[in-house]
Amino acid sequence: MLKVGVLGAGHLGKIHLRLLNQSNKYDLIGFYDADPENAKRVVEEFGYTYFDSIDNLIDAVDVVDIVTPTLSHYDCAKKAIKKGKHIFIEKPITNTVEEAETIRTLVAENEVKGQVGHVERFNPAFIGVKDQIKSPMFIECHRLAEFNPRGTDVPVVLDLMIHDIDIILSVVQSPVKHISASGVSVVSETPDIANARIEFKNGCVANLTASRISLKNMRKTRFFQKDAYISVDFLEKKCEVVKMKDAPNNPGDFDMILQNAEGIKKQIYFDNPNITNNNAILDELETFADAINNNTKPIVTLHDGTEALRVANMIINQF
């Protein structure tokens, strides 16, 4: 079992603490939080060990789980890496791309591992279809959330849209060619609703909409590719695949057949992939433990986190 410590005991930090505490791959040593009153409440309610400084916690563990506000990710990660500790770092990886690049360099120099908390990669609906997503040419994403003051210290692109940016970059293996975007601040100092169009060099186009002032929650992405349409509902954890193949010479009574203007007939059929329910946050933490123990590449690398932040900043710079 890897000794792990958590930096940050806010809403998400508490979830990480609970899951690490119940994992059989980690030994939860304790946590640090910059707010002594909050730390005291966490100790009283859950009984976790509190460390009074970041350095003391880092010294006591093998793995540092960074769940602090984004502005402090870089400093926390740098301290941990220089002491030879592996880092799990929540998204977005850091505040700037330059900081992220430095973290990547330090990890390589100190021969430790790092993973970024892009949790939607572990969503069972995405896992169920990702192997069928091949060379999509159009992608449409809607990530809408009801207003919550938590997270409004950053633009909606870094708060919500970055999840979809990471998913898209993981399936479109092509450099970004052009980005156009618009964002509107409604109740926050930074944009609360944003739309972005990402064009890739291979011709794929992705259209992303993110809002944190919606009346209902929605997290849906649709992938369109040659002979297939794939829909992923990250919120409801459902997915569907609609495929087309050449129609049989003698179709059955219930076969769905389409004929285009050239007279070519195609059969439509539905594929319902198996979805295995999981706890995505626990899975991302435990697969990181596996990567450390087996000396393999983490599923969401620091490079992945850096590229997602790079594209997010390119979108924000359009506003």
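F147 is partly exposed in this predicted model, its relative accessible area being 43%. That value lies between the 20% under which a residue counts as buried and the 50% over which a residue counts as exposed, so F147 falls into the class in between. Along the chain, F147 sits in the loop that runs between β6 (138-144) and α7 (156-171). On the surface, F147 joins V184, V186, V187 and I193 in a nonpolar patch. Taken together, the residues of this patch offer about 420 Å² of accessible area.

A handy pair of helices to look at next is α5 (residues 97-110) and α9 (residues 302-316), whose axes come within 9 Å and cross at roughly 170 degrees. Because angles over 145 degrees count as roughly antiparallel, α5 is described as roughly antiparallel to α9. The contact between the two helices involves V97, A100, E101, I103, R104 and V107 on the α5 side. These residues meet L302, H303, T306, L309, R310 and N313 of α9.

Helix α9 also holds A312. Unlike the partly exposed F147, A312 is buried, with a relative accessible area of 0%. Leaving aside residues up to four places away in sequence, A312 touches V157, L158, I162 and I165. For readers following the fold by eye, A312 can also be placed relative to T70: the two residues are 242 residues apart in sequence, and their C-alpha atoms are 14 Å apart in space.

Key. Residues numbered from 1 in each chain as written. Predicted model: local features only at pLDDT ≥ 70, side-chain atom pairs only at ≥ 80, totals over all residues. Heavy atoms only, no water. Patch = residues over 30% accessible without salt bridge, like charges linked within 9 Å, V, L, I, M, F, W, Y side chains within 5 Å. Areas by Shrake-Rupley, 256 points an atom, 1.4 Å probe, with all protein chains shown as cover. Salt bridge = Lys/Arg side-chain N within 4 Å of Asp/Glu carboxyl O. Helix = DSSP H or I, 4+ residues; strand = E, 2+ residues; numbered from the N terminus. Buried < 20%, exposed > 50% of the residue type's maximum accessible area, 1.4 Å probe, protein only. Axes fitted to C-alpha atoms, helices over the stretch in contact; angles between N-to-C directions. Parallel < 35°, antiparallel > 145°, perpendicular 65-115°, else oblique. Contact = heavy atoms within 4.5 Å.
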